[in-house]
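Colleague: I've got a model open and I'd like to learn how to read its helices. Can you walk me through it?

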Amino acid sequence: MESSTSSPALNTAAPALPPAPRRSPLRWLAGFGFTGLLGLAVLLFWLLAAALGPWLLSHSSAGAGTSNVFAPISAAHWLGTDYLGRDMLALVIEGARYTVGVALLATLLASGTGTTLALLAAASGRWTDATLSRCLDTLTAIPSKMFALIMVAGFGSSVPMLVVTAAIIYVPGAFRIARSLAVNINALDYVTVARTRGEGTLYIMLREILPNIVGPMLADLGLRFVYIVLLLASLSFLGLGIQPPAADWGSLVRENIGALAMGGASVIVPALAIASLTIAVNLVIDNLPGRAARERGAR
Amino acid sequence: MNQVILKLLAQRIALALLSLLAVSVIVFSITAVLPGDAAEEQLGQDATPEALAALRTQMGLDVPAPKRYAQWLLGMAKGDLGRSATTQMPVSELVASRLPNSLLLAAVTALFSVPIALALGIASAVWRGSWFDRAVSTSAVAVVSVPEFLVATLAVLVFAVKLRWLPALSFVSDIDSLGQMLQAFAMPVLVLCCVIVAQMMRMTRAAVIDQLEAPYIEMVRLKGASPMRTVLAHALPNAVGPIANAVALSLSYLLGGVIIVETIFNYPGIAKLMVDGVSQRDMPLVQTCAMIFCGAYLILVTAADVCGIVANPRLRHR
């Protein structure tokens with residue numbers, strides 16, 4: 001922010017929102033409260049599992065299965081074994097890479113695109129705004145799962161396709177929230193001052209509006225991540241998401257649905273993994289320091 | 001007074017029709033134009049150019065895309081939905097055999113979930129902060145933030161495997177008695193209800209709380225009205241619009257939930273038909289089912305808007 005392009009006049013002429021008082025990271029963490037910290041811990045655990053999991057495992061789950069099919073929880077197999085006798089713990093940790101990784105990529109793509117378009121819509125003229133809003137509203141006329149099914153029918157199922165599909169589905173939501181925030185900021189005096197000073201659209205977008213909507217957009221990012229995890233898991237559960245031999249948590253539930261009749265761990269564990277991830281993100285968002293739990297919207 | 005409402009309603013409906021048209025363009029381009037040449041895909045890499053050309057003519061692919069879209073749209077409007085690419089049966093027959101099952105499932109679910117959700121939502125808004133509210137709200141968050149198939153899996157585990165009250169799968173074809181029908185419907189309806197009730201209850205609670213925090217309710221309390229009267233006679237009439245909106249929007253979640261539920265319980269509905277169509281890449285079938293789902297979704301969303309407009313006293317007494 002302290003680059004040379006910002007003129008000294010900016011600071012005197014446009015005293016924006018007062019800068020938040022700097023607090024130590026520890027105090028900031030304490031602001032989460034117990035449930036927030038719990039969510040943060042679970043989230044961190046899955047992120048680490050997704051990033052480091054494959055290196056931490058002593059043996060690969062892709063190895064040949066044993067005859068020990070649908071084994072219960074034991075010392076040898078902490079989470080039991082799947083329908084081919086493979087170790088469930090290894091499979092869940094390998095699946096984390098797909099579930100967390102693909103969803104994270106799609107979320108970043110969706111929120112990034114949505115925010116960029118929203119800034120563009122707010123900062124440039126009325127026509128751009130109207131056109132963008134109308135186009136993206138049209139996309140929301142298709143239910144999310146239905147759109148995903150249509151995309152899979154048309155283009156088949158691959159990891160890049162899934163990322164793009166999930167991103168397209170959740171761009172309009174991110175756009176709508178970012179736009180309503182950006183339009184409010186755009187009407188404030190310091191933006192008018194910047195315009196009068198002769199700053200370009202890009203400058204207004206990036207230096208005046210963006211810093212003031214980053215906070216809410218990050219909370220929205222978390223929510224969107226939850227939706228995308230649920231969507232991708234559902235697709236995989238239908239057999240239309242991540243394709244074998246790769247398996248995310250949704251595929252693991254699908255593959256081991258046969259264990260349901262015996263109440264086996266192999267079908268419950270990946271389902272609970274999804275639940276723990278999404279509930280953890282919800283807890284973190286609801287307990288973000290300094291903000292009341294906000295009403296979560298549709299989609 | 002009615003002029004304003006009628007104008008707004010006409011606008012909403014026109015917008016819905018326009019959206020449906022736009023949706024049809026999106027559906028057609030994703031399924032029939034963007035993925036490339038269907039004839040080439042069907043014949044494989046080493047097809048002769050003559051065979052390719054013949055198949056293209058047979059499939060009507062030599063016609064430019066906008067014209068194909070117009071033909072498809074006209075056919076759909078006239079009820080000619082084409083033939084399924086895998087079974088060669090007319091799509092309209094396939095859909096007609098499955099649609100009533102899905103509608104029945106949706107109707108039964110709505111019948112159960114709407115009263116339960118409204119009661120829970122209003123009660124937890126009135127007793128805000130109590131243990132009841134906290135228990136209901138926490139379970140609702142838990143249900144909303146897990147995938148539908150987890151709810152379904154757990155329900156099967158509890159009711160079909162542990163308690164053995166209900167069968168895990170449903171086959172609607174062999175229903176003779178009321179008891180059998182209850183058995184076949186119980187699991188899918190139970191799971192769908194869980195999901196819908198959680199959504200609807202949260203929105204209802206928010207709508208009622210919104211009213212209870214308004215200044216006029218404080219006035220009602222100050223004049224000494226009983227809590228019962230405050231809620232039923234003063235807050236609820238003003239919350240009807242937002243609640244009706246919440247009901248219609250929540251019912252639109254049925255469309256997503258039904259895809260999972262019909263698949264997991266092997267229920268012969270239209271969503272199962274669509275999922276099978278997608279895995280076999282049966283485009284005419286996918287297109288028709290997609291349009292049915294999007295149409296239903298738009299109807300529900302528009303109904304939500306209309307309820308909001310009609311129930312708004314400020315517009316009614318203009």
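Modeller: Sure, and keep in mind that this is a predicted model. Start with H9(A): it has 37 residues, yet its end C-alpha atoms are only 45 Å apart, short of the 54 Å a straight helix would reach at 1.5 Å a residue.

Colleague: Where does H9(A) bend, and by about how many degrees?

Modeller: Go to Leu210(A), where H9(A) bends by about 60 degrees. A proline, Pro211(A), follows within four residues. Just after H9(A) you'll also find Gly239(A), with a positive phi of about 85 degrees.

Colleague: And what does H4(B) span, given its 14 residues?

Modeller: H4(B), residues 65–78, reaches 20 Å from its first C-alpha to its last, close to the 20 Å expected at 1.5 Å a residue. Gly79(B) follows H4(B), and its phi is positive, near 90 degrees.

Colleague: Okay, on to packing. How are two packed helices described?

Modeller: By the angle between their axes and the distance between the axes. Try H4(A), residues 88–123, against H11(A): the angle is about 30 degrees and the axes are 11 Å apart. Angles under 35 degrees count as roughly parallel, so H4(A) and H11(A) are roughly parallel to each other. Their crossing is right-handed.

Colleague: Which residues of H4(A) and H11(A) meet there?

Modeller: From H4(A) come Met88(A), Val92(A) and Gly95(A), and they meet Ala265(A), Ser266(A), Val269(A), Pro270(A) and Ala273(A) in H11(A). Sort the residues of that contact and you get six nonpolar, two polar and no charged. A handy rule for the spacing: an α-helix has 3.6 residues a turn, so residues three or four places apart point the same way.

Colleague: What about H1(B) and H12(B): at roughly what angle do they cross?

Modeller: Roughly 160 degrees, with the axes of H1(B) (residues 2–33) and H12(B) (residues 283–310) coming within 10 Å. That makes H1(B) roughly antiparallel to H12(B). H1(B) passes H12(B) in a right-handed crossing. The residues in this contact divide into 19 nonpolar, six polar and two charged.

Colleague: Last one: how many residues does each chain put into the contact between A and B?

Modeller: Chain A gives 35 residues and chain B gives 40 residues. On the side of chain A that touches chain B, H6(A) (144–155), H9(A) (201–237) and H11(A) (265–286) each supply at least two residues. H6(A) has the largest share, ten residues. That side of chain A divides into 25 nonpolar, eight polar and two charged residues.

Definitions and conventions. Residues are numbered from 1 along each chain as its sequence is written. Chains are lettered from A and ligands numbered from 1 in the order in which they are written. This is a predicted model: local features need pLDDT of at least 70, side-chain atom pairs count only at pLDDT 80 or more; totals for chains, interfaces and linings use all residues. Two residues are in contact if their C-beta atoms, placed from the backbone, lie within 7 Å. Ala, Val, Leu, Ile, Met, Phe, Trp, Tyr, Cys and Pro count as nonpolar, Asp, Glu, Lys and Arg as charged, and the others, Gly among them, as polar. The expected span of a helix is 1.5 Å times one less than its number of residues. The bend at a residue is the angle between axes fitted to the seven residues ending there and the seven starting there. Axes are lines fitted to C-alpha atoms, for helices over the stretch in contact, and angles run from 0 to 180 degrees between N-to-C directions. Angles under 35 degrees count as roughly parallel, over 145 as roughly antiparallel, 65 to 115 as roughly perpendicular and the rest as oblique. A crossing is left-handed if the near helix is turned anticlockwise from the far one by less than a right angle, and right-handed if clockwise.
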